[in-house]
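Work through the exercises below with the sequence and the coordinates side by side. Each task is followed by a solution that proceeds step by step.

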Amino acid sequence: MPLVFLSLDDTLLDRSGAFRLWAKGFLDEIAAPQDDLEWLVAVDADGLTSRWDLADRIRDRYRLRVSSIDLVDELNGGPLTYERLDPMVGCALEIAGDAGLVPVVVTNGPADQQESRIRRTGLDRYVADWVISEECGVSKPNPRIFALAAQRVRMRLAGAWVLGDSPEADIGGAAALGLPSVWLHRGRDWVDNRFAPTHAVGNVIQGISAIMAAR
């Protein structure tokens, strides 16, 4: 049974789409121009910008009197209210499981927040288990986190696949382990010449299909 390591953000869950929906409402709330939406999405950098740094940039740009800690709380929790599991993704995971694949979420981030997202969206019903960087003390692309994920479901790393949107964390992690990988390009070109994905696809459903076809 092939083991499949899946990223959470912008792979199984549309984190960027949820942030964009939240940002539109936030800009309306503070009476900022909607033309600033692309600026806010850009400085968020797919969640890679520290929430404290992002809060400071927002406060400075709009001269808000709200405290940084309150704005950080809003940045952490606000987008989550818009986050949903695409039913088609759930269906694809169910088909993959029926076909013998073992999907395991491997994600970087705060343990409580990431597990809450997995459970609240119902994703937990479609995956065998999950490993979160804060919980296990090691982050992608370190090969150790994938080894821990395999141990969690009592399987070997041999024959596993990695599926995710991050060139460094997901595809780099797969390359370090010598595992095949599927990259969700999200309209981007591959530019890293140190390693490359086995397949590049537009969404997670296509990625799961590519892995099933390769069996």
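The exercises move from the whole chain to single residues, and the model they use is a predicted one.

**Exercise 1. Overall form**

Task: State how many helices and strands the protein chain has, and judge its compactness from the radius of gyration.

Solution: Begin with the secondary structure, which comprises 10 helices and 6 strands in the protein chain. Next, take the radius of gyration, which is 18 Å, and set it beside the 17 Å that the globule rule gives for 215 residues; the two values are close, so the protein chain is as compact as a globular protein of that length. Finally, for the extents along the principal axes, the C-alpha atoms fill a box of roughly 55 × 35 × 30 Å.

**Exercise 2. Burial, contacts and surface**

Task: Find what percentage of the residues is buried, and describe the contacts and the exposed surface of the protein chain.

Solution: The first step is burial: of the 215 residues in the protein chain, 47% are buried. The second step takes the contacts between residues at least 6 apart in sequence, of which 58% join residues at least 24 apart. The third step turns to the surface, where the protein chain exposes about 10700 Å², with carbon and sulfur atoms supplying 49% of that area. As a last step, consider the charges: there are 23 positive and 31 negative ones, and their mean positions lie 3 Å apart.

**Exercise 3. The surroundings of Ser16**

Task: Locate Ser16 and identify the residues that it touches beyond four places away in sequence.

Solution: Ser16 belongs to helix α1, which spans residues 15-29. Leaving aside residues up to four places away in sequence, Ser16 touches Asp10, Asp46 and Arg186. With Arg186 there is also a polar contact between the side chains, at 3.2 Å.

**Exercise 4. Helix α9, inside and outside**

Task: Which residues of helix α9 are buried, and is Ala176 buried or exposed?

Solution: Helix α9 covers residues 167-177, and its buried residues are Ala169, Asp170, Ile171, Gly172, Gly173 and Ala174. The elements that cover these buried residues include α8 (143-152), β4 (161-164) and β5 (181-184). Ala176 is also placed in helix α9, yet its relative accessible area is 53%, and because exposed means over 50%, Ala176 counts as exposed. As a check on distance, the C-alpha atoms of Ala176 and Ser116 are separated by 29 Å, the two residues being 60 apart along the chain. To close, follow the backbone just past α9, where Gly178 adopts a positive phi of about 70°.

Definitions and conventions
Residues numbered from 1 in each chain as written. Predicted model: local features only at pLDDT ≥ 70, side-chain atom pairs only at ≥ 80, totals over all residues. Heavy atoms only, no water. Helix = DSSP H or I, 4+ residues; strand = E, 2+ residues; numbered from the N terminus. Rg over C-alpha atoms; globule rule 2.2 N^0.38 Å. Buried < 20%, exposed > 50% of the residue type's maximum accessible area, 1.4 Å probe, protein only. Contact = heavy atoms within 4.5 Å. Areas by Shrake-Rupley, 256 points an atom, 1.4 Å probe, with all protein chains shown as cover. Lys, Arg positive; Asp, Glu negative; His and termini not counted. Charge placed at Lys NZ, Arg CZ, Asp CG, Glu CD. Polar contact = N/O pair within 3.5 Å; in protein donor to acceptor, adjacent residues only side chain to side chain.
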